[in-house]
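Reader: I would like to go through the labels attached to this model and see what each one rests on. Please set each value against its cut-off.

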Amino acid sequence: MGDSTSSVPPLLDLTIDNITPNAIKINSQSNNARSTYLMHRLLTHIHDFARETRLSTHEWMSAIQFLTQCGQISTDVRQVLPMASTPGSVPFACKLTFSQEFILLSDVLGLSLLVDAINHPKPASSTEGSVLGPFHTHDAPTLPSGSSMTSDPDGEPLLVSCSVRDTHGNPIPDVKVDIWETDSTGHYDVQHSDRSRPTGRCVMKSDAKGEFWFEAIKPVSYPIPNDGPVGKLLGALNRHCWRPAHLHFMLEKEGWDHLITALYVRGDPYETSDAVFGVKKSLIVDIEKAGKDTAAQYGVEEGTSLLKHDFVLVSKQEAEELRDRNATEALEKLGLRMKLVDHLPVPDLD
């Protein structure tokens with residue numbers, strides 16, 4: 001082996017003031033301009049954070065332990081395990097094994113929504129995105145339009161009738177639509193230890209008119225898992241762990257911008273304080289009642305709860321162009337001299 005240190009930039013006598021440029025210099029040897037830029041900005045902000053807050057050793061170690069615990073508690077499946085009830089337990093109290101606690105952490109910090117909004121900007125005429133959350137799975141059954149995706153006998157029946165269109169009002173057929181929600185107790189199927197098959201979730205395709213419909217249950221409010229590191233963080237910040245009632249949707253088709261979103265029931269007590277920042281005004285919907293004609297059309301009882309919604313997708317090209325414009329404007333406001341490579345900013349050194 002040759003001398004692996006021959007090309008390493010020499011470090012100066014390190015101090016509080018010069019550690020940052022030295023760390024940036026030695027971490028800027030990648031041949032990938034984007035990786036170098038990401039590391040440059042990450043080190044700049046993390047070091048500035050430590051200096052501005054005068055971060056203590058105890059706080060630093062607590063943060064490391066917190067992140068370690070997030071990794072240790074993550075598993076492939078998030079389930080409820082049997083747990084004896086205890087006096088004074090909160091509603092929905094349960095012992096959980098966690099999957100992707102880091103997604104939950106990103107959600108409660110507002111980072112998930114921010115990243116989605118940056119990467120999938122939406123024109124005013126299109127459907128806005130929301131958070132994916134940690135409960136999406138890849139084993140949902142593909143069902144024909146008109147099917148029931150729930151097996152919960154205690155939930156209030158809900159008829160959901162939707163369409164998928166472009167920004168000009170034209171129907172978009174053959175869109176893959178992934179749908180999931182909790183049961184009437186506020187738990188997703190993967191949170192139950194006796195889960196034998198997917199329920200409360202399905203995949204459908206929009207028809208030639210861009211339409212799809214299904215039977216579900218009326219969504220209920222529920223708490224995000226709160227007996228792990230993220231739950232303890234929320235407690236320390238005096239925050240609640242509740243999400244307003246909603247249905248998740250993920251729509252995808254080649255040539256169209258990937259849409260991850262949710263529809264939130266108007267009037268929910270957590271509508272303006274969602275623990276994971278998912279609610280947007282345009283995604284708040286009303287639950288109606290199916291009239292005689294609607295009930296006959298869909299084969300449900302008159303008076304059944306009804307949710308109707310039109311999803312509006314934007315083309316991949318339109319989304320990329322808008323993303324580029326937004327990035328250019330934001331970087332100019334920051335006074336940064338950048339160029340876009342594959343729609344991502346890197347320093348413009350030319």
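Reader: Why is M338 called buried?

Author: The model is a predicted one, and in it M338 has a relative accessible area of 18%. Buried means under 20%, so M338 falls within that class.

Reader: Where is M338 found, and what is M338 in contact with outside its neighbours within four places in sequence?

Author: M338 is found in strand β14, residues 338-341. With those neighbours left aside, M338 is in contact with Y37, L331, P345, V346, P347 and D348. Contact here requires heavy atoms within 4.5 Å. As for T328, 10 residues apart from M338 along the chain, the two C-alpha atoms are separated by 8.0 Å.

Reader: How many disulfides does the structure hold, and how do you know that C202 is in none?

Author: The structure holds 0 disulfides. For C202, the nearest cysteine sulfur belongs to C162 and is 11 Å away. A disulfide needs the two sulfur atoms within 2.5 Å, so C202 is in no disulfide.

Reader: Are C202 and C241 buried or exposed?

Author: C202 has 0% relative accessibility and C241 has 11%. The cut-off for buried is under 20%, so C202 counts as buried, and so does C241.

Reader: What makes β6 and β12 edge strands?

Author: The open sheet has 4 strands in the order β6-β3-β13-β12, with mixed pairing. β6 (211-217) and β12 (288-289) each pair on one side only, and they are the edge strands.

Reader: How do you know that β3 and β13 pair?

Author: Pairing asks for at least two bridges between two strands. Strand β3 (residues 157-165) and strand β13 (residues 305-312) are joined by 8 bridges, so they pair, and they run parallel. Within this pair, L159 stands opposite L306 in β13.

Reader: Why are helices α3 and α6 called oblique to each other?

Author: Helix α3 (residues 57-73) and helix α6 (residues 229-236) pack at an angle of about 140 degrees, their axes 9 Å apart. Roughly antiparallel would need an angle over 145, and roughly perpendicular covers 65 to 115. The angle fits neither, nor the roughly parallel class under 35, so the two helices are oblique.

Reader: Which residues meet there, and how do they divide into nonpolar, polar and charged?

Author: From α3 come F66, Q69, C70 and I73, which meet P229, V230 and L233 in α6. The residues of this contact divide into 6 nonpolar, 1 polar and no charged.

How values were computed
Residues numbered from 1 in each chain as written. Predicted model: local features only at pLDDT ≥ 70, side-chain atom pairs only at ≥ 80, totals over all residues. Heavy atoms only, no water. Buried < 20%, exposed > 50% of the residue type's maximum accessible area, 1.4 Å probe, protein only. Axes fitted to C-alpha atoms, helices over the stretch in contact; angles between N-to-C directions. Nonpolar A, V, L, I, M, F, W, Y, C, P; charged D, E, K, R; others polar.
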